Structures are given as structure tokens and as C-alpha cells.
Amino acid sequence: MARKTTPAKTAVVTIAAWTIGFLIFFPILWIIILSFKTEGDAIKSPLQVLTSGWTLHSYAEVQTRSNYALHFWNSVILSLGSTVLALVIAIPAAWAMAFVPGKRTKDLLMWMLSTKMMPAVGVLVPMYLLFRDFGLLDSRIGLVVVLTLINLPIVIWMLYTYFKEIPGEILEAARMDGAGLKSEILYVLTPMAVPGIASTLLLNIILAWNEAFWTLQLTTKNAAPLTQFIASYSSPEGLFYAKLSAASTMAIAPILILGWFSQKQLVRGLTFGAVK
Amino acid sequence: MATEQSRTAARLMVSPAVILLFLWMIVPLGMTIYFSFLRYNLLMPGMESWAGFDNYYYFLAQPAFTSALINTLLLVGGVLLITVVGGIALALLLDQPFKGQGVVRVMVIAPFFVMPTVSALVWKNMFMNPVNGIFAHIAKAIGVQPFDFLSHAPLASIILIVAWSWLPFATLILLTALQSLDREQMEAAEMDGANWINRFVYLVLPHLTRSITVVVLIQTIFLLSVFAEILVTTNGGPGTASTNLPYLVYAQSLLNFDVGGGSAGGIIAVILANIVAFFLMRMIGKNLET
């Protein structure tokens with residue numbers, strides 16, 4: 001049933017919502033605009049910026065300043081690698097807990113979640129020293145492992161809440177028809193689990209891409225993802241607004257697009273299923 | 001109906017995750033606890049000696065700790081206040097029918113996907129910079145002296161930056177919760193003459209309580225660990241004006257090479273986070289039963 005609204009109220013709501021939405025989005029819009037300006041124009045007043053000419057120069061500059069492609073590639077490898085690795089470990093675990101729940105399943109889930117509550121800074125020193133001693137500082141492999149571990153609890157939880165929604169009767173029906181464990185997983189569960197796995201994958205890529213504690217602490221150059229690369233702009237060298245904007249635009253664009261697709265999953269994943 | 005065979009299979013399937021998480025939890029944390037009782041400086045390798053509770057004493061007694069603790073609480077509290085109040089208001093607004101709802105929703109959510117280093121640097125340079133930032137341009141346009149946000153109000157500026165990143169999260173979750181509100185009940189209340197304040201206080205707010213609690217607790221977990229935003233904007237300064245607990249631990253252990261002191265600080269941060277985690281876990285645990 002539609003709520004009754006007066007045209008005047010609708011107009012006020014529309015204007016208010018668009019204004020606030022625009023203001024919140026403005027910083028992102030602004031870096032996109034600045035990325036197409038020259039360094040000289042980028043520091044002018046907003047009106048002058050908008051009326052000045054457009055150029056792709058900064059995008060070319062970003063690559064010459066340092067190897068942007070390498071950092072982008074590192075971000076791709078780290079986020080995809082850690083996500084796939086986490087899924088490989090988490091899918092069997094979540095499957096088992098959802099379909100063969102034991103007495104201690106709930107405690108186990110809560111314990112897994114509790115590992116996520118540990119603040120990273122609590123283990124900063126030993127992790128740094130371990131990485132140093134094993135020669136893992138500034139290596140992709142070491143960081144993939146850390147990112148996998150910090151996101152594993154969220155991945156297991158998300159998959160668990162999705163698997164839990166697959167009705168158990170279907171499994172029993174399949175068993176009645178003589179399906180073995182293998183065909184049960186292959187033909188019955190997998191098709192039903194794919195949407196949940198896909199959402200988990202998406203959310204975890206976003207989290208790993210934006211992770212900015214371990215990536216800043218444990219990388220410097222070769223394995224540095226975009227978070228670390230952008231941080232290198234914190235010590236300014238001459239005019240750099242347009243370059244920073246171009247680098248930032250490219251760094252956030254892929255995730256912005258992925259993120260818009262995963263709004264719903266985001267709520268569920270980040271609240272551990274407490275809000276759906 | 002689980003058979004003995006499927007139980008064994010289930011245990012095998014869970015064990016890799018359990019073993020990995022167990023190691024991840026116990027090994028580094030154990031090392032931190034061990035280091036926290038040592039006199040251990042990276043510049044003097046091989047000189048480690050037992051220190052008892054000295055590291056804890058020195059870490060807690062330094063003036064920087066008190067200010068870091070206050071800054072941490074202000075940061076968490078300030079961001080929570082902005083995001084929860086703003087999030088409720090925004091969720092109520094976006095829940096109304098209007099043209100282009102989908103587009104506005106996407107615009108509001110966008111900041112959450114911006115990596116911390118980008119959002120911090122963009123705010124620092126393009127907005128808060130006292131010469132070239134947009135705020136400075138606006139100040140000049142209306143004839144006011146531009147304000148140097150990050151030097152004169154470093155913590156407040158960081159709170160603003162972090163709140164911008166987290167407002168979408170609160171809005172999204174509260175909006176999701178709002179959409180499950182019973183419309184007919186709202187209409188019935190409206191017909192019975194309840195004005196919007198009454199409807200908000202007696203119907204909407206109780207419905208949102210759970211989600212608000214979840215937002216507060218989850219954000220607190222993340223906000224207790226804010227680091228990148230401080231590193232790229234103020235480096236914790238001027239002085240220790242914007243140093244929070246994670247940044248203090250980082251500075252002590254990796255900038256001053258004091259492994260023992262840094263570890264003691266890390267353990268204190270863990271204890272602080274665990275107090276919050278305790279309540280969060282209870283909430284989520286309750287939810288698991290239904």
C-alpha cells in the first residue's frame with residue numbers, strides 16, 4: 001500500500017535528498033574532475049577549475065612518476081589471491097558447520113569471530129619481526145597470507161549464513177534418491193551455494209583492496225599495493241593535485257563499481273548476519 | 001540426519017580453518033606478551049633482558065599515553081556520534097519515496113569504498129589545505145581568513161575524515177533495517193493522530209535499536225584501530241595532538257625501535273578492544289539462536 005504524500009512534501013524530500021547525496025559524493029566527484037586538469041589549474045578556485053580546459057596529461061604523468069601499473073597489479077594480486085585462498089579454506093568449513101552442525105558449532109563460530117576482534121596493532125611487533133626474519137617484508141606472498149587470515153572469519157561467517165538458508169529437506173530428498181556425498185555436493189549444494197559464494201567473494205575483494213594497516217606496515221616498494229602507493233603522496237613534491245587525483249581515481253574506480261553491485265551483501269557481511 | 005561418517009568428514013573440513021585461525025591468534029599474540037616483558041630494542045640486538053612489568057609501567061606513565069587514550073576515545077566517540085545521528089537522519093530521508101532514489105543511494109554509499117589513504121589525502125589537500133583547499137577558497141571568497149584545519153584542529157579534522165568514510169555504513173545498515181518496518185502499523189498510528197515525533201520515538205526508534213547497537217559495536221572495533229588516516233595527514237601531530245593508541249604503539253615500536261614498550265602498548269590496545277568485543281559477541285551470539 002502506497003503511503004499518501006503531498007506533492008509539496010515530495011518536492012522537499014527530493015531536493016533535500018539530492019543535495020545531501022551530492023555533498024557526500026562531492027569529494028569523489030572532485031578528484032575525478034581534478035584528475036582531468038593540469039597541475040596549474042587544479043589548485044585554482046573551484047569556479048576557475050570548472051571553467052578551465054580538460055586534459056589526460058595527469059594519467060600519463062602518474063605512470064612516469066613511479067610504476068603505477070605495478071602497484072595496481074599488486075592490489076589485484078593481493079585482493080584476489082587472499083580472497084581465493086580464504087574461500088578455499090572457508091567453503092568446506094562453512095559447509096560442514098551449516099549442514100552437519102554439532103554441539104559446539106555455535107561456540108566454534110563465535111570463537112572464529114573473536115579472532116577478528118583482536119586489534120592489528122596488538123600483533124604488529126611480532127608480525128613485523130617474523131616478516132623480517134623470514135625475508136617476507138615487502139613480499140606479496142607474505143601479505144596474501146596475512147590478508148587471508150584477517151578476513152577468514154568474515155568469509156566463514158558470511159558463507160555460513162548463506163549456506164544455512166539452503167533448506168535441509170533438499171539434501172534429504174537427494175539422499176532418498178540415492179545420491180552419495182559427492183553428488184550431493186556437486187549437483188545439489190553447489191548450484192544453490194553459488195550466489196552466496198559470489199557475494200562473499202565480492203565483499204572480501206573490497207575489504208582486501210582497501211586494507212590499509214598491514215599493507216602500509218609490511219610493504220615498501222615491490223609488493224606495495226595502491227594503498228601504500230597513494231600514501232607516498234603524503235609528502236608533497238611541488239604541484240601534485242592533478243597527479244594525486246588521477247592516481248586516486250584509478251585506485252578507487254574498480255572498487256566503487258564492485259561496491260555498487262554488492263550493497264546488500266555489504267550489510268550482511270559486515271554485520272556478521274546480524275542485520276539482513 | 002548426520003551419520004558417523006559425515007561427522008568425521010565435517011571435522012576434517014573444519015579443521016584447516018580452525019588450525020590456521022588458532023595459530024594466527026596464539027603465535028603472534030603470545031610473542032607480543034613475551035616481548036612486553038623484555039627490555040628489547042631493535043637498535044641493540046642481543047641485549048634483550050627480562051624487564052618484568054617495567055614496559056607497562058613506562059608505557060602507561062608517559063604523558064603521550066594519556067593523551068593517546070583520550071584521543072582514541074574522542075575519535076571513536078566523535079565518529080560514532082556523527083555517523084549514528086547522521087545515519088538515522090539520512091536513512092529516514094532516503095526511505096521516503098522520491099525521484100532518483102537509486103542514484104542518491106549510490107552517491108551516499110560511495111565514500112565507504114574509498115581506500116583510507118585516498119580519502120585522507122584528498123581531504124587533507126583538496127579540502128583542508130589552508131592555501132589551495134576548497135575551504136580556503138570559500139573562506140577567501142567571503143572574506144574570511146582561511147583556517148589551517150590539520151595544524152589547529154588536527155583531531156577534529158581526522159574525526160571529520162573518518163566520519164565521512166563511515167557515514168555510508170551506518171546509513172546503509174539503518175536504511176536496511178528501516179525497510180523492514182511494518183508500514184501498516186505506521187499508517188495505523190498516523191490515522192490515530194500520532195505526529196511524526198511520536199511515531200519516531202515510539203515506533204521507529206525501538207525498531208532500530210538493534211541495528212543501532214550493531215552499528216555502534218562494529219564501528220567501534222574498526223575505529224579503535226584507525227591508523228592510515230593519521231599516518232598520511234598529521235603523523236600524529238602536532239606533538240601528540242592527533243596520536244591515538246595504535247599510532248602510539250606504531251611510533252614506539254617501529255619508529256623508536258622499542259619492541260618491549262611497543263608490545264606492552266599493543267597488549268593494552270588488545271585489552272581495550274576486548275572490552276568492546278565482549279558486548280558485540282554477546283549481541284551476535286544471541287542472534288545466532290533465532
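## Two chains, explained by their cut-offs

Student: What share of chain A's residues is buried, and what makes a residue count that way?

Tutor: Of its 276 residues, 45% count as buried. A residue is buried if 20 or more other C-beta atoms lie within 10 Å of its own, exposed if 12 or fewer, and partly exposed in between, with C-beta atoms placed from the backbone. In chain B, 42% of the 290 residues count as buried. Before we go on: this is a predicted model, where local features need pLDDT of at least 70, side-chain atom pairs count only at pLDDT 80 or more, and totals for chains, interfaces and linings use all residues. Residues are numbered from 1 along each chain as its sequence is written, while chains are lettered from A and ligands numbered from 1 in the order in which they are written.

Student: Why is B:Phe278 called exposed?

Tutor: B:Phe278 has 11 C-beta neighbours inside 10 Å, so B:Phe278 counts as exposed. Its place is in helix H13 (residues 259-289) of chain B.

Student: How do you know which stretches are helices or strands?

Tutor: They are DSSP runs numbered from the N terminus: helices (H or I) have at least four residues, strands (E) at least two. Chain A comes to 14 helices and zero strands, whereas chain B has 13 helices and two strands.

Student: What is the radius of gyration of chain A, set against a compact globule?

Tutor: Chain A has 24 Å, but a compact globule of 276 residues would have one near 19 Å. The radius is taken over C-alpha atoms, and the globule rule is 2.2 Å times the number of residues to the power 0.38.
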